[in-house]
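Open the model in your viewer and keep the sequence panel visible. The stops below go from the whole assembly to single residues.

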Protein chains: 2
Amino acid sequence: MTPREFSRRYSALRRMVDRRLATIVTRGGPKDLTDACRYVLAGGGKRVRSTLLLLSCEAVGGRLNDALDAGAAIETMHNFTLVHDDVMDHAPARRGRATVHIRWDLNNALLTGDTLLGLAYRSLLRTRSESLPHLITLFTTGLIEVCEGQALDLEFEDRSDVTVDEYFAMIEKKTGRLISMATEMGAIIGGGSRAHVDALRLFGHYLGRAFQLQDDLLDVVAEEKQFGKTIGGDIIEGKKTFLLLKAAERVAGKDRILLRKILKGGARGLGSNRSTVSVVTALYRRTGVLDETMDQIHRNTRKAVAILDALPAGRSTAMLRWLSDSLVHRVS
Amino acid sequence: MTPREFSRRYSALRRMVDRRLATIVTRGGPKDLTDACRYVLAGGGKRVRSTLLLLSCEAVGGRLNDALDAGAAIETMHNFTLVHDDVMDHAPARRGRATVHIRWDLNNALLTGDTLLGLAYRSLLRTRSESLPHLITLFTTGLIEVCEGQALDLEFEDRSDVTVDEYFAMIEKKTGRLISMATEMGAIIGGGSRAHVDALRLFGHYLGRAFQLQDDLLDVVAEEKQFGKTIGGDIIEGKKTFLLLKAAERVAGKDRILLRKILKGGARGLGSNRSTVSVVTALYRRTGVLDETMDQIHRNTRKAVAILDALPAGRSTAMLRWLSDSLVHRVS
């Protein structure tokens with residue numbers, strides 16, 4: 001397949017997921033709640049998790065249609081976390097649209113998140129699979145771990161002594177878990193062998209790590225227009241990203257004082273945000289942290305892709321390879 | 001069995017639930033999240049839903065132990081709703097202790113609720129039953145309806161034209177659903193016949209209605225000390241209870257003007273809260289609304305209890321009868 005064909009196929013899968021998501025909100029429910037659930041689910045996004053689930057199912061010989069309800073379920077669970085996380089982060093916008101607590105209010109954002117979680121389970125329960133109880137168990141473990149990951153992330157906000165290892169443990173739960181859960185669930189629904197299921201879970205694990213590191217990197221290297229967010233937002237907020245934690249380990253003198261300050265309270269009181277971001281980005285470059293992040297992204301992606309060799313060769317396995325590669329080169 | 005024996009048995013069931021609840025929080029999770037989950041689950045309460053589930057299981061011939069995980073699950077789901085509802089209602093305390101968003105903060109209250117929901121599903125998934133997928137489907141439908149009920153309740157806050165029928169539709173979802181779900185799930189786990197499962201669901205439906213009406217009534221007739229909340233709190237806040245809606249239908253002249261004002265904005269700006277509560281309570285008495293509420297409570301409880309005649313006679317069925325009766329006579 002050509003890159004253009006891969007890209008077309010990806011768009012087709014996204015549309016399938018979007019169409020399914022458009023059907024899962026209960027009709028005739030309370031107006032604000034129903035409107036907000038629809039608003040969130042119609043908000044687009046890359047649909048990475050659901051697409052990975054669908055492709056993992058196909059890659060082990062399953063049928064795409066059998067995985068669609070579970071794909072919609074995981075995407076809905078992901079959106080539940082976004083709605084509640086946006087409340088916790090006081091985020092005014094996401095993907096260019098007002099967040100639920102801004103467009104409606106806090107109460108509706110709480111309930112919309114809660115309801116989305118219910119809708120996610122309901123969609124998953126429509127999956128026809130002998131392994132349904134196992135799928136629900138994975139889904140539930142994933143839910144609990146995502147909450148724990150978010151709790152760790154919040155805990156990190158109040159600490160300036162977070163280590164790189166702690167960072168990896170946090171993103172493993174907060175971001176990684178849903179991705180490795182998606183690939184594992186897809187493989188189970190597709191009737192994959194134990195070895196294939198394990199392989200796809202591990203594929204998801206490495207890909208999830210690369211994905212999150214790429215997220216951290218894009219904060220400093222993306223083009224603002226394509227990125228859709230302020231460049232350097234993580235630096236301004238003193239977010240404990242891989243880059244900031246790693247750079248803090250490597251610098252001394254006044255650079256060290258600067259990064260410790262940012263780790264404690266972000267860029268507030270350090271002059272203009274723009275100049276702080278540019279100073280810190282230069283530090284990332286000079287200390288080799290930027291290169292190391294890119295290296296980590298590529299290394300994790302290579303590990304992920306290498307695992308795919310254990311799967312039957314075919315269009316879907318090729319698509320998973322292409323998708324991994326696209327995620328490394330994404331611009332937003 | 002004597003009332004004393006019933007009461008002892010009820011305490012024993014509560015302790016069983018409490019002990020199981022003490023085991024369901026994940027060890028080694030993020031500190032604030034773990035602490036808050038334990039704090040909520042150790043907060044006591046009547047454990048009505050879980051006790052009803054256990055007794056329903058036994059009443060159709062099942063074993064108590066088989067229903068304990070599901071009992072803990074429904075109690076945990078109930079506590080998830082309390083944590084999030086308390087945020088939405090700005091409630092500073094529950095059962096004499098600070099609420100999670102007060103003792104910790106809003107973010108931890110959000111995550112604690114979300115995590116409790118995950119723990120609820122995880123507990124339910126431990127149930128050994130051929131009907132597990134059906135139980136999870138019921139649980140999920142219940143979750144979605146409870147959210148819808150809460151959304152309707154919030155919607156009612158901004159409306160002064162809520163009808164008594166709308167009120168019943170709201171409480172059916174917000175309060176009734178978890179209770180009829182508890183009795184239905186217990187019957188299913190106990191291996192009850194289709195007729196017994198239907199009977200116990202309907203029993204829960206009528207009991208849930210009586211339970212909520214009693215809640216509304218206690219707001220005006222309870223003894224403050226035993227009640228643990230301010231008497232007349234619902235009147236002060238203009239909450240659309242059965243009593244307020246029914247009384248508003250029946251009064252004219254200046255009484256009507258007063259109740260319309262309360263329906264619009266509570267007791268604010270109407271003089272001292274204490275005197276408003278006493279005037280409105282007198283109105284409830286004079287218009288016969290107090291009597292009608294008591295009558296409705298007794299009628300629904302009688303309907304519930306009558307349904308129990310369709311079940312095998314035995315200790316648990318007798319306990320369900322006794323429990324229904326106790327709930328009507330509760331003081332808090």
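To compare copies, they are superposed by least squares on the C-alpha atoms of residues with pLDDT of at least 70 in both. This is a predicted model, in which local features need pLDDT of at least 70 and side-chain atom pairs count only at pLDDT 80 or more, while totals for chains, interfaces and linings use all residues. Residues are numbered from 1 along each chain as its sequence is written, and chains are lettered from A and ligands numbered from 1 in the order in which they are written.

**Stop 1: both chains**

Show chains A and B together. A rotation of 180° with 0.0 Å of shift along its axis places chain B on chain A, with an RMSD of 0.0 Å. That is the relation of a two-fold axis. To find the axis from chain B, select B:Pro133: its C-alpha is the nearest to the axis in that chain, at 3.4 Å.

**Stop 2: the interface**

Two residues are in contact if their C-beta atoms, placed from the backbone, lie within 7 Å. How many residues does each chain put into the contact? Chain B gives 33 residues and chain A gives 33 residues. On chain B, select α2 (31–41), α4 (64–88), α6 (106–125) and α7, each of which supplies at least two residues of the side that touches chain A. Helices here are DSSP runs (H or I, at least four residues), as are strands (E, at least two), numbered from the N terminus. The largest share of that side, 14 residues, comes from α7(B).

Colour this side of chain B by class and you get 19 nonpolar, 9 polar and 5 charged residues. Ala, Val, Leu, Ile, Met, Phe, Trp, Tyr, Cys and Pro count as nonpolar, Asp, Glu, Lys and Arg as charged, and the others, Gly among them, as polar. Of the interface residues of chain B, 100% are also interface residues in chain A, so the copies meet through the same surface.

**Stop 3: a helix pair across the interface**

Select α6 of chain A (residues 106–125) and α7 of chain B (residues 132–157). Their axes come within 9 Å and cross at roughly 160°; axes are lines fitted to C-alpha atoms, for helices over the stretch in contact, and angles run from 0 to 180 degrees between N-to-C directions. α6(A) and α7(B) are therefore roughly antiparallel to each other, the word for angles over 145 degrees. Residues of this contact include A:Leu111, A:Gly118 and A:Arg122 on α6(A), and B:Ile136, B:Thr140 and B:Leu154 on α7(B). By class, the contact has 11 nonpolar, 6 polar and 2 charged residues.

**Stop 4: a helix pair within chain A**

Next select α3 (residues 48–59) and α16 (residues 315–328) of chain A, which pack at an angle of about 145° with their axes 8 Å apart. A:Thr51, A:Leu55, A:Glu58 and A:Ala59 of α3(A) meet A:Ser316, A:Thr317, A:Met319, A:Leu320 and A:Leu323 of α16(A). These residues divide into 5 nonpolar, 3 polar and 1 charged.

Stay on α16 and pick A:Leu327. Is A:Leu327 buried or partly exposed? With 18 C-beta neighbours inside 10 Å, A:Leu327 counts as partly exposed (buried means 20 or more other C-beta atoms within 10 Å, exposed 12 or fewer, and partly exposed in between). Leaving aside neighbours within four places in sequence, A:Leu327 is in contact with A:Ala210, A:Phe211 and A:Gln214.

**Stop 5: an arginine in a loop**

Finish at A:Arg95, in the loop between β1 (93–94) and β2 (97–98) of chain A. Its phi is near 50°, a positive value in a residue other than glycine.

Key. Parallel < 35°, antiparallel > 145°, perpendicular 65-115°, else oblique.
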